[in-house]
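Open the model in your viewer and keep the selection tool handy. This tour moves from charged pairs to packed helices and ends at a single residue.

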Amino acid sequence: MIGRKVAVLLAIALFAMSCGGASRPAGIVLITLDTTRADHLGCYGDAAAVTPNLDALAKEGVRFEQAMTAVPTTLPSHATMFTGVYPPSHGVRYNGMFRLTDASVTVAKRLHDAGFATRAVPAAAPVAASSGLGQGFDVYLDLFSGPNGANLAPGTSRPASEVTKLGLEAIDGVGAKPFFLWLHYYDAHYPYDPPFPFSAKFREHPYDGEIAFIDKQLGVLFEEIKKRGLWDRLAIVVAGDHGEGLYEHGERMHSELAYQSTLRVPLLVKAPGARSGTVVKVPVTLADVAPTILDLAGQPVPSGLDGITLREALRGTEPPARTLYFETLAGSLAFGWSPIEGIRRGKWKLIRSSDPELYDLEKDPAENENLAGSNKDLVTDLTSVLEDDVARWSKSAPASASEVPADPDTLARLASLGYIGGTVSTAKWSGRNPKDLVHLESELLLIQDFMTQRDYAHAMLAIPGVLANDPDNRLALQSAADASAGLRNFDDAERYARKTIEKYPESLPARVTLGRTYVARKDYPGAEKAFREGLEKFPDEPILVYSLALTLIAEKRPRDAEPIVLAALGRKNPDPGFHVLHALCRAMAKDDAAAKAALEKAMAAGYTNVDRLRSEPLMAPLKAIPGFDETIAPKKAG
């Protein structure tokens, strides 16, 4: 251990000399505090907060009084911090549904390419390796990608104590390189369950107990950094990714609305050359984090970013006044509500949804008085600026994010954390304003919980209350279709699926459910028609292709199914299930050798649902293949 510490100190000295003096940090630590409101920290005015370590950091460094996230959801907010561009540019708009691609270059990638050791300790599912945030990191200690990750409970996250421990190990292990370390503290996220003694001290306010626990662990981190002699040579950036509603404006958690309760975040920076105790009151955005880190690291700040470097602000120079963008599409994606986007210019904040809101944040920081009706010219002006920005992004932004279908495990993990999946809508302003429906949040989460547990009977008891208030609610309609199918009420399942498709033509799950209701009733022509219509909307979508091929096989039409299966197998990374379908087609054609070969390919590709092969009547032809049991038996190691 001592030898590694000496190596780190030597690297610091060499890096400082190569950068031309003591103003450049030898390492940069980015600490993100998930779901942490600025106004629940002592340094931001909460006299009841127990956050002595963050408060001390604010006194030693620079505190940004009016920092704002661009989106009140974990993954897109971190994508903005890491890339320096807003969500319309990097394309990540919600958790689970989107993945940051290499077209958007992260600060970690830029520092890695400049010779930095890069380490990350993400604490929870929304920022798992599958999110794309691992770009540029030498080490990305994702819970779910590590050993036994697949066996973890959906809502598993690292406690702050473990994040601190792994962070210190990362610092000790960087060797003779300058380093960039990201530590993600997730404890303040729902459900609020701080450990003892914080659970006892904050039993009436467990959210604040979680923040106090994080602060305690940050104290451990900071003290150990000081013991290693690194404190004065490191830059430390602490940022909240978004806040928490705590029932302000009717919002229980976050994501659906865009008020300051979830947009305003803490931003603290301690860096060599920074003016201690400085408070910056000019509004800034988390898009400024990446360019600031690059500038502190002595690296060029790319042009074309939405954020700016705040390095001069750290020295006491006021940053320029700018128009700052924010959005949330969560309600639109999950429920069919109107999306929200807006801008802040100085004290004025415009929220645009199906109807506009305008607030004077200096006089009304709680956003209680909507001034849009009495300031129509200002609303027009700010709307014009917003529309110009959005139009510019839509023309210049590359296809830099992937909309990805969330697998069942990912959906379960996100659901356990209060996030609800959805589908990108083509009708931007057709939905109702989320502020008028956010009171349904708890009921919708309850429905999601029932559906995740496959408790369809209780889901069907909860759904009518939501639909009575919001007849076009996407989640409720889709859940009603799936729950009805689960209860074998196929007529109701078809009715709800068709209503979902009518309202949301882009809904892939509804098209799958519709086709499967026909399959369940053995109406194979109806199922074929439904799946083919789905493929007209979603060409080559694997789940629709698979369902269509299986329907044709059920109709005793393997010759029609086989070309579809072979085409699917010819695409990139086909699901192993397509090899099973190919084996089934060959078995039905009495070509045992080809059927066995296809089945062997399925097993080699990772097919695991062998119980289905043994028990499902449709798979019966496979069992007639010579050597069937040996082919699907797990291979013994060694």
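A salt bridge here is a side-chain nitrogen of Lys or Arg within 4 Å of a carboxyl oxygen of Asp or Glu. With that in mind, select Glu 528, Arg 532, Glu 555, Arg 557 and Asp 560: salt bridges link these residues into a network. Please remember as you look around that this is a predicted model. In total, the structure holds 40 salt bridges.

**Stop 1: Arg 264 and Glu 65**

Next, select Arg 264 and Glu 65, and show their side chains. They meet in a salt bridge, with N and O 2.9 Å apart. The two partners come from distant parts of the chain, 199 residues apart: Arg 264 sits in strand E9 (residues 264-265), while Glu 65 is in the loop between strand E2 (62-64) and strand E3 (67-68). Is Arg 264 buried or exposed? Its relative accessibility is 15%, so Arg 264 counts as buried, because the cut-off for buried is under 20%.

**Stop 2: Lys 347 and Asp 360**

Now move to Lys 347 and Asp 360. Their closest N and O atoms are 3.3 Å apart, and the pair forms a salt bridge. Lys 347 belongs to the loop between strand E14 (340-345) and strand E15 (348-352), and Asp 360 to strand E16 (residues 357-360), 13 residues apart. Colour the two by accessibility: Lys 347 is partly exposed at 25%, whereas Asp 360 is buried at 4%.

**Stop 3: Lys 435 and Asp 355**

Select Lys 435 together with Asp 355. This is another salt bridge, with 3.9 Å between the closest N and O atoms. Lys 435 is in the loop between helix H14 (408-416) and helix H15 (441-452), and Asp 355 is in the loop between E15 and E16, so the salt bridge ties together parts that are 80 residues apart in sequence. Both ends are partly exposed: Lys 435 has a relative accessible area of 30%, and Asp 355 has one of 28%.

**Stop 4: helices H19 and H20**

Time for some helices. Show residues 508-520 (H19) and 524-537 (H20) as a cartoon; the two axes come within 7 Å and cross at roughly 165 degrees. How do H19 and H20 run relative to each other, roughly parallel or roughly antiparallel? They are roughly antiparallel, because angles over 145 degrees count as such. The crossing is left-handed. Turn on side chains to see the contact, where H19 residues including Val 512, Leu 514 and Tyr 518 meet H20 residues including Ala 527, Ala 530 and Phe 531. The contact residues of H19 with H20 comprise eight nonpolar, three polar and four charged.

**Stop 5: helices H16 and H17**

For another pair, pick H16 (residues 456-469) and H17 (residues 474-486), whose axes lie 9 Å apart at an angle of about 150 degrees. H16 and H17 are therefore roughly antiparallel too, and H16 passes H17 in a left-handed crossing. Among the contact residues are Met 460, Ile 463 and Leu 467 of H16 and Leu 477, Ala 480 and Ala 483 of H17. The contact of H16 with H17 divides into 10 nonpolar residues, three polar and one charged.

**Last stop: Val 163**

Finally, select Val 163 in helix H6 (residues 160-172). Val 163 is buried, with a relative accessible area of 0%. What is Val 163 in contact with, leaving aside neighbours within four places in sequence? Its contacts are Val 121, Ala 123, Arg 158, Leu 183, His 184 and Tyr 185. To finish, try your distance tool between the C-alpha atoms of Val 163 and Leu 461: they are 41 Å apart in space and 298 residues apart in sequence.

Definitions and conventions: Residues are numbered from 1 along each chain as its sequence is written. This is a predicted model: local features need pLDDT of at least 70, side-chain atom pairs count only at pLDDT 80 or more; totals for chains, interfaces and linings use all residues. Side-chain values use heavy atoms; hydrogens and water are left out. Helices (H or I, at least four residues) and strands (E, at least two) are DSSP runs, numbered from the N terminus. Buried means under 20% relative accessible area, exposed over 50%, partly exposed in between (1.4 Å probe, protein chains only). Axes are lines fitted to C-alpha atoms, for helices over the stretch in contact, and angles run from 0 to 180 degrees between N-to-C directions. Angles under 35 degrees count as roughly parallel, over 145 as roughly antiparallel, 65 to 115 as roughly perpendicular and the rest as oblique. A crossing is left-handed if the near helix is turned anticlockwise from the far one by less than a right angle, and right-handed if clockwise. Contact means heavy atoms within 4.5 Å. Ala, Val, Leu, Ile, Met, Phe, Trp, Tyr, Cys and Pro count as nonpolar, Asp, Glu, Lys and Arg as charged, and the others, Gly among them, as polar.
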